[in-house]
Amino acid sequence: MTESLVGQTSRDIKVNLTSEWACDRQDSSTVWFKGRLPRSWLDQFHNSLREISPTRFGFEKSAAQLDENFGIVAQCDRTTIAITDHCNSVPILFGRGDSDIIGSSGSDIARCLSLGLSDISLDAALSVAMSGYTIGNDTLYPSIQIMSPGSVMVLHPGQPPEVSNHHVYRPWVTRDDTRERLKGDLGEKLSAMIERLIASADGRPIVVPLSAGLDSRVIVSGLKEFGYRDVHCFSYGLYGNHETITSQKIAYRLGYNWTFVPYSIGRQRDVFESEGHKAFKAACDHLSGVHFEQEYLALRELTDLNWIPKDAIFVNGQSGDFISGNHIPANFHHENYSGDTFKIRKNVVETLFAKHFALWQSLATSEHKRRIESRLEQALPEGQPEEFTDFGLFEWSEFRDRQCKYVVQNVRVYEHFGYEWRMPLWDADYMRFWARAPLSARKNQNLYREVLHELDWGQVWQQIPVNKKAISPHWIRPLRFVCKLMHAPLGRARWHAFERQFLNYWMNNLCCHAIVPYWHVAGDGRGHRSAVSWLAREYLRRKGFDDIDFDARQAA
């Protein structure tokens, strides 16, 4: 599968990378990389760079050998190569202007190309405002594009970029197998994943943000099952939240160190106003959407308290729920998913829009819906109807955009505080298993849940409930109960709208509504969906773009 980024280049390519990228030089070739690459692979790669006519095909084959997380940029003579890993954990951007630039920092590239408010794409800004991220290779600026996950780009002066893939996520290419065989294979994949994590950690302390759900629990229980001792767990959020209560029970049952970082609107507001947080947002800006806010406050406090060992490796549970099928909408839970291409694509696009592009009700006009759905349809892979399933196309689109541009980028916070990280649930081999698993095994994560329950690693699956929720903070419970009673005659939709506008500001476990004062949320007449609505708006405003002005800008 190939794709086109931007047009032809006739100039040498400038490399603009941040300081955490390593540099390896041999003779006439230079390789910059972020992540962990085997020395033998680097030597082989240098040799391939110095071939008389290096092509993307040779680099595809070379990159396919790597299952780690990485970003690679290389130059030899007048050839420039950029390679992203299978889940885009290290985004790479390509900018075109008076000079052509390969880089990792969106703000740096935009500054080098002298881009400003007038250069922002209205369609890209609309996508960010409505979902928190762009679509496909788009960034806010048409002259800068983000590489896709698992892709290779080769640039020669005077020629169009050659872009291809060394790893493609194809969740529609499923296998037909028995339930018992699938369960056995999944158990083996989970064990192999944990063993690779242990080998990679090599005895160093592992720190896990531990929640009440499945994914971080499978990490810590797997480490316990395979005998890893130096594990530290933490939880965060409002006092008394259900995630923290369950997290503590799991850690204590496993015999692992555990601590809690309390969140509040006041504490989160202090974070948002701090210079350190502003630097973090600038450093992780890939021009394709909002940053992942969740753990900054926790990391800052635990670092200041010296709770985190200096050589620790952070391991989170991203994104086990998505990869195992939990995001497949109910309207795709049917087994007969055949149909003509037009109907499949139309249904997928409409479902994507309804699920992910509703951060602001006021922006969901018929014209905006048409523009977003048109871009979503353009970005879907081409092919014959028998090649695709509707649920597979849906997962593919969410993977490329929401997961890779937003969720995966949570690891930037670990880097900001100087720590290494691993994402075992984005392990390439593990991804391949789930991409081929049939719908019957993936819907509602039924295979995943059944296998984890039966394995019962660490004895924390059958006796400790998963995601047993409770309202927090405690003080809001009686107020919420009274308000809910008053809204009973008005219907569920009216109640949820009231709760979202007047109570969620105080109930959100991450307190991210603190990006704006309470009266902004309570007085909102535009229909925000969540705290991410306000974070997306703040992101665009940092670029000088006020999303209220979409219709006026389009008319102009």
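Select Lys281, Cys284, Asp285, His286, Gly289, Val290, His291, Gln409, Tyr539 and Arg542: these residues line the largest cavity of this predicted model. The volume of this cavity is about 50 Å³. Colour the selection by residue type, and the lining splits into 3 nonpolar, 4 polar and 3 charged residues. How many cavities of 30 Å³ or more are there by the rule used here? The count is 2.

**The second cavity**

For the other stop of this kind, select Tyr133, Leu352, His356, Phe357, Leu376, Ser397, Glu398, Asp401 and Arg402, which line the second largest cavity. Two helices each give two or more residues to this lining: H12, residues 341-356, and H14, residues 390-407. Which of the elements gives the largest share of the lining? H14 does, with 4 residues. The volume of the second largest cavity is about 30 Å³. By type, its lining holds 4 nonpolar, 2 polar and 3 charged residues.

**A covered helix**

Now select residues 122-131, which form helix H4. Is H4 mostly covered or mostly open? H4 is mostly covered, with 8 of its 10 residues buried. To see them, pick out Ala124, Ala125, Leu126, Ser127, Val128, Ala129, Met130 and Ser131 within H4. While the helix is on screen, recall that an α-helix has 3.6 residues a turn, so residues three or four places apart point the same way. Then move on to Gly132, just after H4, where the backbone takes a positive phi of about 100°.

**Three strands**

Next, select residues 93-96 and residues 100-103, which are strands E6 and E7. These two strands pair in the antiparallel sense over 4 bridges. Follow the chain from E6 to E7 and you pass through a hairpin of 3 residues. What stands opposite Gly95 in E7? The residue there is Ile101.

Keep E6 selected and add residues 144-146, strand E8. E6 and E8 run antiparallel as well, joined by 3 bridges. To find one of these contacts, select Phe94 and look across to Gln145, its bridge partner in E8. Strand E6 is thus a stop shared by both pairings, one with E7 and one with E8. Show the side chains here with a rule of thumb in mind: in a regular strand the side chains alternate between the two faces of the sheet.

Definitions and conventions. Residues are numbered from 1 along each chain as its sequence is written. This is a predicted model: local features need pLDDT of at least 70, side-chain atom pairs count only at pLDDT 80 or more; totals for chains, interfaces and linings use all residues. Side-chain values use heavy atoms; hydrogens and water are left out. Two strands pair if DSSP finds at least two bridges between them. Buried means under 20% relative accessible area, exposed over 50%, partly exposed in between (1.4 Å probe, protein chains only). On a 1 Å grid over the protein atoms alone, a cavity is a set of points where a 1.4 Å probe fits but cannot get out, and a pocket is an open set with protein on both sides within 12 Å along at least five of seven lines; lining residues have an atom within 4 Å of a point. Grid points are joined across faces, edges and corners, and a volume is the space filled by probe spheres set on the points. Ala, Val, Leu, Ile, Met, Phe, Trp, Tyr, Cys and Pro count as nonpolar, Asp, Glu, Lys and Arg as charged, and the others, Gly among them, as polar.
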